[in-house]
Structures are given as C-alpha cells and as structure tokens.
Amino acid sequence: MAVTGWLECLRAAEKTALLQDGRRKVHYLFPDGKEMAEEYDEKTSELLVRKWRVKSALGALGQWQIEVGEPAPHGAGNLGPELIKESNANPIFMRKDTKMSFQWRIRNLPYPKDVYTVCVDQKERCVVVRTSNKKYYKKFSIPDLDRYQLSLDGSLLSFAHANCTLIISYQKPKEVLVAESELQKELKKVKTAHSSDGDCKTQ
C-alpha cells in the first residue's frame with residue numbers, strides 16, 4: 001500500500017519534461033510546494049540526478065539538495081589552489097544508482113577492503129560505514145525505502161573497493177523495481193519539450 005501511495009503522489013504532482021543533451025529532465029511540483037527534479041539517460045532511462053527543493057516558512061525557495069548524482073562544488077571558485085587540493089583529498093560521498101541497485105561511492109578512501117565494515121542499522125533505518133582503524137565513519141539513509149515504507153534488509157547490501165573508492169550497493173527490492181517501471185510508463189505520458197540551449201526549469 002505504501003508503494004502505491006508514493007506512486008500516487010508522483011502521479012498527482014504537476015510535471016514538466018525537457019529533453020536536453022541526451023538527458024530527459026523531469027520537474028515535479030507537489031501540492032505542498034516541494035519540488036523534485038530528476039534527470040534520466042535518454043536511451044537507457046537510468047536515473048542520473050535527483051534533487052529536492054522546499055520553500056522556507058516565509059515562502060522563499062531554498063537551495064537544491066542533491067539526493068542522487070554528483071555533488072555540486074561549494075565555492076570552489078573562491079578557493080586558492082592549495083585549499084582546493086586539500087579539499088580534494090577529503091572523502092567525497094555521492095550516490096549513483098544502477099538499474100538494479102541503489103549505489104553510493106565514497107572517494108578518497110585509500111584503506112584496503114578488509115578495513116571496512118558496512119552494515120544495516122534497523123533501529124535507525126540507515127546504512128553504517130566504519131573502518132577498523134577508526135579513520136572513517138558515516139551513516140546514511142535510503143530515502144527511497146523510507147518513501148515506499150519498506151524495511152532494510154542486510155542481505156541486499158554489499159560493497160567493493162577499488163582505486164581508493166568504496167562502492168556500496170543495495171539491491172533494489174522487487175517492489176521498487178516494479179514502482180520504477182510504473183513511473184517510467186507515467187513519464188512517457190508527460191509532454192516533453194526539446195531544447196538545444198541551456199534553459200531548463202530544473203536548473
């Protein structure tokens with residue numbers, strides 16, 4: 001029922017779509033004023049970006065908060081080369097999903113794979129990453145499972161490490177795969193504008 005509930009929210013949202021640079025960009029405006037913007041690969045329908053924006057108590061638009069996709073650099077133009085170099089050495093956390101899995105990448109983690117522990121915290125409904133050398137600790141939620149009101153299953157969690165990057169994967173439950181398929185059918189009904197310039201409502 002919860003899966004259906006979120007799908008109904010998406011169906012009820014006011015949607016606009018734009019095809020630009022090989023990406024299908026969809027903007028959702030929900031009745032409560034929240035906005036969601038998604039970008040899909042035009043050919044594969046793979047989700048590349050998802051971000052949210054909410055209005056403040058005074059009605060002002062806030063900043064876009066990225067849920068899926070490359071994090072935007074913060075004030076990089078104001079930093080000197082030394083500060084930029086130092087910043088690039090810090091762990092960088094981002095989510096980049098595949099068709100079958102939710103996936104997160106944490107760059108700039110040079111430790112060998114056996115140092116990491118990745119597990120599910122059922123009580124806090126989050127994934128926990130820690131290292132035995134106590135050099136890194138992070139916990140993060142899976143908003144999709146919260147929206148669909150699905151429980152976390154540790155057996156669906158796995159991780160790999162290569163090129164100083166920790167890759168964490170959570171296999172999408174069948175309920176999510178079905179819902180995503182239904183959403184793609186719904187999005188095909190949305191009239192899509194075509195653009196060759198930089199204009200897009202979601203930016």
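**Strand pairings, one helix and a pocket**

Phe102 sits across from Tyr170 of strand E12. Strands here (E, at least two residues) and helices (H or I, at least four) are DSSP runs, counted from the N terminus. The model is a predicted one, so local features need pLDDT of at least 70 and side-chain atom pairs count only at pLDDT 80 or more, while totals for chains, interfaces and linings use all residues. Residues are numbered from 1 along each chain as its sequence is written, and side-chain values use heavy atoms, with hydrogens and water left out.

The Phe102–Tyr170 match belongs to a bigger arrangement around E12. Strand E7 (residues 101-107) runs antiparallel to E12, and 7 bridges join them; two strands are said to pair if DSSP finds at least two bridges between them. E12 also has strand E11 (residues 157-162) as a partner, again antiparallel, this time over 6 bridges. In that pairing, Ala160 faces Ile167 of E12. E11 and E12 make a hairpin with just 2 residues between them, and Asn163 in the turn takes a positive phi of about 50 degrees. As for burial (under 20% relative accessible area is buried, over 50% exposed, in between partly exposed, with a 1.4 Å probe and protein chains only), E12 (residues 165-171) has 5 of its 7 residues buried, so the rest of the structure largely encloses it.

Strand E9 tells a similar kind of story. Of the 6 residues in E9 (126-131), 5 are buried, which leaves the strand mostly covered. On one pairing, strand E8 (residues 116-121) runs antiparallel to E9 with 6 bridges, and Val120 stands opposite Val127. The E8–E9 hairpin has 4 residues between its strands, with Arg125 at a positive phi near 50 degrees. E9 then pairs with E10, also antiparallel, over 4 bridges; there, Val128 has Lys139 as its bridge partner. The hairpin of E9 and E10 has 5 residues between the strands. Lys134 lies in that loop and shows a positive phi near 60 degrees despite being a residue other than glycine. Lys134 counts as exposed, at 75% relative accessibility.

Another non-glycine residue with a positive phi is Ser45, at about 65 degrees. Ser45 falls in the loop between strand E3 (35-41) and strand E4 (47-53), and it is partly exposed, with a relative accessible area of 26%. Strand E3 also holds Met36, which is buried at a relative accessible area of 1%. Met36 and Gln65 are 29 residues apart in sequence, yet their C-alpha atoms are 9.4 Å apart in space. A similar sort of contact across the chain involves Asp97, a residue of the loop between E6 and E7. Asp97 is buried, with a relative accessible area of 4%, and its C-alpha is 6.8 Å from that of Leu47, although 50 residues separate the two along the chain.

Next, the helix. H4 (residues 174-187) is 14 residues long and spans 20 Å from first C-alpha to last, close to the 20 Å expected at 1.5 Å a residue; that expectation is 1.5 Å times one less than the number of residues. Buried in H4 are Val176, Ala179, Leu183, Gln184, Glu186 and Leu187. They take up an arc of only 155 degrees around the axis, which places them on the same side of H4; the arc is that of the directions from the helix axis to the C-beta atoms. Exposed Lys174 and Val178 are on the face of H4 turned away from the buried side.

Finally, the largest pocket offers about 450 Å³ of space. A pocket is an open set of points on a 1 Å grid over the protein atoms alone, where a 1.4 Å probe fits, with protein on both sides within 12 Å along at least five of seven lines; lining residues have an atom within 4 Å of a point. Points are joined across faces, edges and corners, and the volume is the space filled by probe spheres set on them. There are 20 lining residues, and the closest to the pocket centre are Gln65, Ile66, Glu67, Val68 and Pro71. Strands E5 (65-68), E6 (92-95) and E10 (137-140) each supply at least two lining residues, with E5 giving the largest share, 4 residues. The lining splits into 10 nonpolar, 5 polar and 5 charged residues, where Ala, Val, Leu, Ile, Met, Phe, Trp, Tyr, Cys and Pro count as nonpolar, Asp, Glu, Lys and Arg as charged, and the others, Gly among them, as polar.
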